[in-house]
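Student: I have a model open and would like to understand the labels people attach to it. Could we go through them one by one?
Tutor: Gladly; let us look at it together.
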Amino acid sequence: MAGHNTQDTQAQDARLKERMADIKHKILVLSGKGGVGKTTMSVNFALALAEKGYQVGLMDTDLHGPNVAKMLGADEAQLMSYENGIEPFEVIKNLKVVSLSMAGHGPDTPVIWRGPLKIGVIKQFLADVNWGKLDYLVIDTPPGTGDEPLTVAQLIPELDGSIVVTTPQQVAILDSRKSINFSKQLNIPVLGVVENMSGLLCPHCGQEIPLFGKDGGRIAAEEMEVPFLGPVPMEQALMEAEDSGTHFILDSPDSISAKALREIIEKVVKAIG
Ligand SMILES: Nc1ncnc2c1ncn2[C@@H]1O[C@H](COP(=O)(O)OP(=O)(O)OP(=O)(O)O)[C@@H](O)[C@H]1O
Ligand SMILES: [Mg+2]
């Protein structure tokens, strides 16, 4: 029934367009290398914006390793589906989240899917979730330049831009250049590079240990002629908060990493208005 399928697809595409029109700004968080802090950036970005009173959505397109709910302390959350769409989970006031881990795919269930299925899920996240009117949609991605970020870029041609997360380590920087070029090739403005894990804050003496080196992110941004958004140091309390699902940026606003994250967020907000 090819005709029927085509009709379904057309209806979904129309819904997607309508829903996206209700969202002012859409931001893609990318990295070339895994584990450099994309989800940390996405989650804190979303929390800080929601606290400021913006209406925020956070979409987790990491289908193989969805960590967003866990980091927000919402691992028990389950999405509800109604006739008019899927209801996103409200983590705190003004912040709605959608992740595959909230759709019956628990933290221990491996997702073994090929590209077309993943593309279908991401399309559903955009077309069938009742996001409502939002100021910001923050989109977390798995590492690299695969199906997930590509699908988002193709389905939302009006993306405001990408934030590329790296550590100062050479191997991460090399990979981040791919994410920058990916954005450029797809005409996604690069809002800037974040250098995460930029020094380890010693919990005893407060001194910074340059565990993964220093300034690599800044230099890469300069070389690639994209903005540098700033460094975020490694802080044990941030990692612990994420593991326990507490909202560090809101609970410990004076900590060094929370301040660094806030500065970056303010720069992005300024850049896109
Ligand atoms: N600045 C930081 N200080 C302390 N811990 C951090 C910091 N940034 C990230 N982490 C920790 O490092 C780990 C990896 O971070 P995160 O999950 O955000 O990276 P990711 O890029 O999303 O990883 P993946 O590629 O697997 O999606 C997490 O356990 C997180 O809590
Ligand atoms: Mg992640």
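Student: What makes helix α2 roughly perpendicular to helix α10?
Tutor: In this predicted model, the axes of helix α2 (residues 38–51) and helix α10 (residues 256–272) cross at roughly 70° and come within 10 Å. Angles of 65 to 115 degrees count as roughly perpendicular, so α2 earns that label with respect to α10.

Student: Which residues make that contact?
Tutor: On the α2 side they are Met 41, Asn 44, Phe 45, Ala 48, Leu 49 and Glu 51. Helix α10 brings Leu 261, Arg 262, Ile 264, Ile 265, Val 268 and Val 269. Sorted by class, the contact has 9 nonpolar, 1 polar and 2 charged residues.

Student: Staying with α2, why is Val 43 called buried?
Tutor: Val 43 sits in helix α2. Its relative accessible area is 3%, and buried means under 20%, so the label fits.

Student: What does Val 43 touch, leaving out residues up to four places away in sequence?
Tutor: Val 43 touches Leu 58, Val 68, Met 71 and Leu 72. Asp 13 is another matter: it lies 30 residues from Val 43 along the chain, and their C-alpha atoms are separated by 28 Å.

Student: How do you know that Leu 95 is buried?
Tutor: Leu 95, in strand β6 (residues 95–98), has 0% relative accessibility. With the cut-off for buried at under 20%, Leu 95 counts as buried. Beyond residues up to four places away in sequence, Leu 95 touches Ala 46, Leu 47, Ala 50, Val 56, Leu 58, Phe 89 and Glu 90. From Leu 95 to Asp 147, which is 52 residues apart along the chain, the C-alpha separation is 26 Å.

Student: And what makes Glu 18 exposed?
Tutor: Glu 18 belongs to helix α1 (residues 2–21). Its relative accessible area is 59%, and exposed means over 50%, so Glu 18 is exposed. Glu 18 and Ala 48 are 30 residues apart in sequence, with their C-alpha atoms 27 Å apart in space.

Student: Why is Gly 206 called partly exposed?
Tutor: Gly 206 has a relative accessible area of 48%. Buried needs under 20% and exposed over 50%, with partly exposed in between, so Gly 206 is partly exposed. Its place is in the loop between β9 and β10 (208–209). The C-alpha atoms of Gly 206 and Asp 128 are separated by 47 Å, with their positions 78 residues apart along the chain.

Student: How many aromatic pairs does a search of the whole structure find?
Tutor: The search finds 1, formed by Tyr 54 and Tyr 136.

Student: What makes that pair edge-to-face?
Tutor: The centres of Tyr 54 and Tyr 136 are 5.2 Å apart, with 85° between the planes. Centres within 6.5 Å make a pair, and planes over 60 degrees apart count as edge-to-face, so both conditions hold for these rings.

Student: Where along the chain do the two tyrosines sit?
Tutor: Tyr 54 is in the loop between α2 and β2 (56–60), and Tyr 136 is in strand β7 (residues 134–140). They are 82 residues apart, so the pair links distant parts of the chain. Tyr 54 is partly exposed at 27% relative accessible area, while Tyr 136 is buried at 2%.

Student: How do you know that Cys 202 and Cys 205 do not form a disulfide?
Tutor: The sulfur of Cys 202 is 3.6 Å from that of Cys 205, its closest cysteine sulfur. A disulfide needs the sulfur atoms within 2.5 Å, so this distance is too far for a bond. The structure holds 0 disulfides. Cys 202 counts as buried at 16% relative accessibility, whereas Cys 205 counts as exposed at 54%.

Student: What is the phi of Asn 187, and why would one remark on it?
Tutor: Phi of Asn 187 is near 60°, a positive value in a residue other than glycine. Most residues other than glycine have a negative phi. Asn 187 lies in the loop between α6 (170–185) and β9 (190–201), and it is exposed at 66%.

Student: Is Met 197 buried or exposed?
Tutor: Met 197 is buried, since its 16% falls under the 20% cut-off. Met 197 is in strand β9 and has a positive phi of about 60° although it is not a glycine.

Conventions: Residues numbered from 1 in each chain as written. Chains lettered and ligands numbered in written order. Predicted model: local features only at pLDDT ≥ 70, side-chain atom pairs only at ≥ 80, totals over all residues. Heavy atoms only, no water. Buried < 20%, exposed > 50% of the residue type's maximum accessible area, 1.4 Å probe, protein only. Helix = DSSP H or I, 4+ residues; strand = E, 2+ residues; numbered from the N terminus. Axes fitted to C-alpha atoms, helices over the stretch in contact; angles between N-to-C directions. Parallel < 35°, antiparallel > 145°, perpendicular 65-115°, else oblique. Contact = heavy atoms within 4.5 Å. Nonpolar A, V, L, I, M, F, W, Y, C, P; charged D, E, K, R; others polar. Phe/Tyr/Trp six-rings, centres within 6.5 Å; stacked < 30°, edge-to-face > 60°.
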